[in-house]
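Q: Could you take me through one part of this structure up close? I'm new to this, so please show me how two helices can meet and where that sits in the whole chain.

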Amino acid sequence: MSIIVISDLHLNPEYPEGIADLSYLREKYAQNCSDLYILGDFFEIWVGDDEHNPFVDAVVAELQAWKALGIHLYFMAGNRDFLLGNAFAQRVGWQILEDPFVADFYGLKVLLSHGDLLCTLDQAYQKWRDYVHKPWMQWLFFRLPLWVRLKIGAKARQKSRDYVHVALPQKMDVVTGTALDWMKQRHTPILIHGHTHQPGFQVCYQDQRAWTRITLSDWHQGPHALIWEKEKYRLISVHCHPCESRDPEFETGSLLSQG
Ligand SMILES: [Mn+2]
């Protein structure tokens, strides 16, 4: 059996490769999969569950194909799709998770997060995040007609792109100390997150044990999935048109060393 974890697909109508790669992941790796965890920014932008178009229908159909295999679907919101709600959740049958969330991966407690909450040096962003997560703020936003919300969403998307170019990359990264504190407070030796788009593993030895941070990729830069089996995990490339030079399994970790 396996658990698959993905994030930051940034699906949008101008990026049909995203859905194709998700289908490829399902066809090639989901046969023995019990759970699929999506750790945010699944959509490039989401302004309300009342948006219906052929692109959204195609995403729903793909998720239903995962469901049809008997796979449990879990969704945690990112900074692009935090307005995704219960109506869409019901449509695709996924369970919405709080950020952070402690999951049980075959007896091991694993901490899941989108990752933006860990970028604690970026105070301007954290302030904005607090503001847009306020229930009254969202209540007001949803009172606007869909076309107005789509316009605001497009603007926010552009602003976020500009901001990435202005803000220092270091300031926007996950703060290692914060990540360690989170893991220690919750007694979870492993943290999995997305958001920073720098796939890989980082192991830190402290208090006589290993603390591992697994970062998932941005699918626009190269789609990866974490395949978690009982005693090992690997970050695989899930391009449906792989380049000849690409190593499909570029990193593997063993859980036996976690203690
Ligand atoms: Mn993000």
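A: Here is a look at one pair of helices, followed by the chain around them. Keep in mind that this is a predicted model.

Let's begin with helix H1, residues 16-29, and helix H2, residues 54-68. Their axes come within 10 Å and cross at roughly 5°. Angles under 35 degrees count as roughly parallel, so H1 is roughly parallel to H2.

Which residues do the meeting? From H1 come Ile 19, Leu 22, Ser 23 and Arg 26, and on the H2 side they meet Ala 58, Val 59, Glu 62, Ala 65 and Trp 66. Sorted by kind, the residues of this contact are 6 nonpolar, 1 polar and 2 charged.

Now step back to the whole chain, which has 7 helices and 12 strands. Its C-alpha atoms fill a box of roughly 55 × 40 × 35 Å along the principal axes. The radius of gyration is 18 Å, which agrees with the value near 18 Å for a compact globule, because that is what 259 residues would give.

What about the inside? Buried residues make up 33% of the 259 residues. In soluble globular proteins, nonpolar side chains tend to be buried together. Here, the largest nonpolar core has 55 residues, and Ile 4, Val 5, Leu 112, Ile 192, Ala 225 and Leu 226 have the most contacts inside it.

Ile 4 is a nice one to trace: leaving aside residues up to four places away in sequence, Ile 4 touches Tyr 29, Ala 30, Cys 33, Leu 36, Ala 225, Leu 226 and Ile 227. Across the chain, 68% of the contacts with a separation of 6 or more are between residues 24 or more positions apart.

How values were computed: Residues are numbered from 1 along each chain as its sequence is written. This is a predicted model: local features need pLDDT of at least 70, side-chain atom pairs count only at pLDDT 80 or more; totals for chains, interfaces and linings use all residues. Axes are lines fitted to C-alpha atoms, for helices over the stretch in contact, and angles run from 0 to 180 degrees between N-to-C directions. Helices (H or I, at least four residues) and strands (E, at least two) are DSSP runs, numbered from the N terminus. Angles under 35 degrees count as roughly parallel, over 145 as roughly antiparallel, 65 to 115 as roughly perpendicular and the rest as oblique. Two residues are in contact if their C-beta atoms, placed from the backbone, lie within 7 Å. Ala, Val, Leu, Ile, Met, Phe, Trp, Tyr, Cys and Pro count as nonpolar, Asp, Glu, Lys and Arg as charged, and the others, Gly among them, as polar. The radius of gyration is taken over C-alpha atoms; the globule rule is 2.2 Å times the number of residues to the power 0.38. A residue is buried if 20 or more other C-beta atoms lie within 10 Å of its own, exposed if 12 or fewer, and partly exposed in between; C-beta atoms are placed from the backbone. A nonpolar core is a set of buried Ala, Val, Leu, Ile, Met, Phe, Trp, Tyr and Cys residues joined through C-beta atoms within 7 Å.
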